[in-house]
Amino acid sequence: MRIRLEGNRAEIMLGMIHLREVFTVTAMSRAFPDRAHPRKYRVYIRVIPRDNR
């Protein structure tokens, strides 16, 4: 599954922390600047569901 995170750097890092509780992150792009909002970024990640048995 591919997910896009958008926000400032702190918001993206917090989102990654929460996503790692549920998913295994297999790949992550670099932070791209958001064209519409100069202080915002976007990061693309690939995840797979974590087996929580």
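User: Among contacts in the chain between residues at least 6 apart in sequence, what percentage join residues at least 24 apart?

Analyst: In this predicted model, 50% of the contacts between residues at least 6 apart in sequence join residues at least 24 apart. The chain holds one helix and four strands, and from the N terminus on these elements run β-α-β-β-β.

User: What makes Arg4 and Glu6 a salt bridge?

Analyst: The side chains of Arg4 and Glu6 come to 3.2 Å, N to O, and the cut-off for a salt bridge is 4 Å between a side-chain nitrogen of Lys or Arg and a carboxyl oxygen of Asp or Glu. The value of 3.2 Å lies within 4 Å, so the pair is called a salt bridge. In general, side chains of opposite charge can pair when their charged atoms come close.

User: Why are Arg4 and Glu6 called partly exposed?

Analyst: Arg4 has a relative accessibility of 47%, and Glu6 has one of 48%. Buried means under 20% and exposed means over 50%, so a value in between is called partly exposed, and that is where Arg4 and Glu6 fall.

User: How do you know that Glu11 forms a salt bridge with Lys40, and which parts of the chain does the pair link?

Analyst: The closest N and O atoms of Glu11 and Lys40 are 3.8 Å apart, which is within the 4 Å cut-off, and therefore the pair counts as a salt bridge. The pair links distant parts of the chain, with Glu11 in helix H1 (residues 9-22) and Lys40 in the loop between strand S3 (32-33) and S4, 29 residues apart. Glu11 is partly exposed at a relative accessible area of 42%, and Lys40 is partly exposed at 31%. The structure holds two salt bridges.

User: Why does Arg42 have no salt bridge?

Analyst: The nearest side chain of opposite charge to Arg42 is that of Asp34, which is 5.0 Å away. A salt bridge needs the charged atoms within 4 Å, so the distance of 5.0 Å to Asp34 does not qualify, and Arg42 is buried without a salt bridge.

User: What does the side chain of Arg42 reach, and what joins Arg42 to Tyr44?

Analyst: Arg42, which is in strand S4 (residues 41-49), has a side chain that reaches the backbone oxygen of Pro33 at 2.8 Å. The side chains of Arg42 and Tyr44 are joined at 3.2 Å, and because a polar contact is a suitable pair of N or O atoms within 3.5 Å, this one is called a polar contact. Leaving aside neighbours within four places in sequence, Arg42 is in contact with residues including Arg4, Glu6, Phe32, Pro33 and Asp34.

User: Why is the pair of Phe32 and Tyr44 called edge-to-face?

Analyst: The structure holds one aromatic pair, and in that pair the rings of Phe32 and Tyr44 are 6.2 Å centre to centre, with 65° between the planes. Ring centres must lie within 6.5 Å to pair, and planes over 60 degrees apart count as edge-to-face, so the values of 6.2 Å and 65° meet both conditions. The pair links distant parts of the chain, with Phe32 in strand S3 and Tyr44 in strand S4, twelve residues apart. Phe32 has a relative accessible area of 24% and is therefore partly exposed.

User: Which residues make up the largest nonpolar core, and which elements give two or more residues to this core?

Analyst: The largest nonpolar core has nine residues, namely Ile3, Leu5, Ile12, Met16, Leu19, Phe23, Val43, Ile45 and Val47. Strand S1 (2-7), H1 and S4 are the elements that give two or more residues to this core. In soluble globular proteins, nonpolar side chains tend to be buried together. Of the 53 residues of the chain, 25% count as buried.

User: Why is Ala10 called exposed, whereas Arg46 is called partly exposed?

Analyst: Ala10, found in helix H1, has a relative accessibility of 56%, which is over 50%, and so Ala10 counts as exposed. Arg46, found in strand S4, has a relative accessibility of 46%, which lies between 20% and 50%, and so Arg46 counts as partly exposed.

Technical notes:
Residues numbered from 1 in each chain as written. Predicted model: local features only at pLDDT ≥ 70, side-chain atom pairs only at ≥ 80, totals over all residues. Heavy atoms only, no water. Buried < 20%, exposed > 50% of the residue type's maximum accessible area, 1.4 Å probe, protein only. Lys, Arg positive; Asp, Glu negative; His and termini not counted. Polar contact = N/O pair within 3.5 Å; in protein donor to acceptor, adjacent residues only side chain to side chain. Contact = heavy atoms within 4.5 Å. Core = buried A, V, L, I, M, F, W, Y, C linked by side-chain atoms within 4.5 Å. Phe/Tyr/Trp six-rings, centres within 6.5 Å; stacked < 30°, edge-to-face > 60°.
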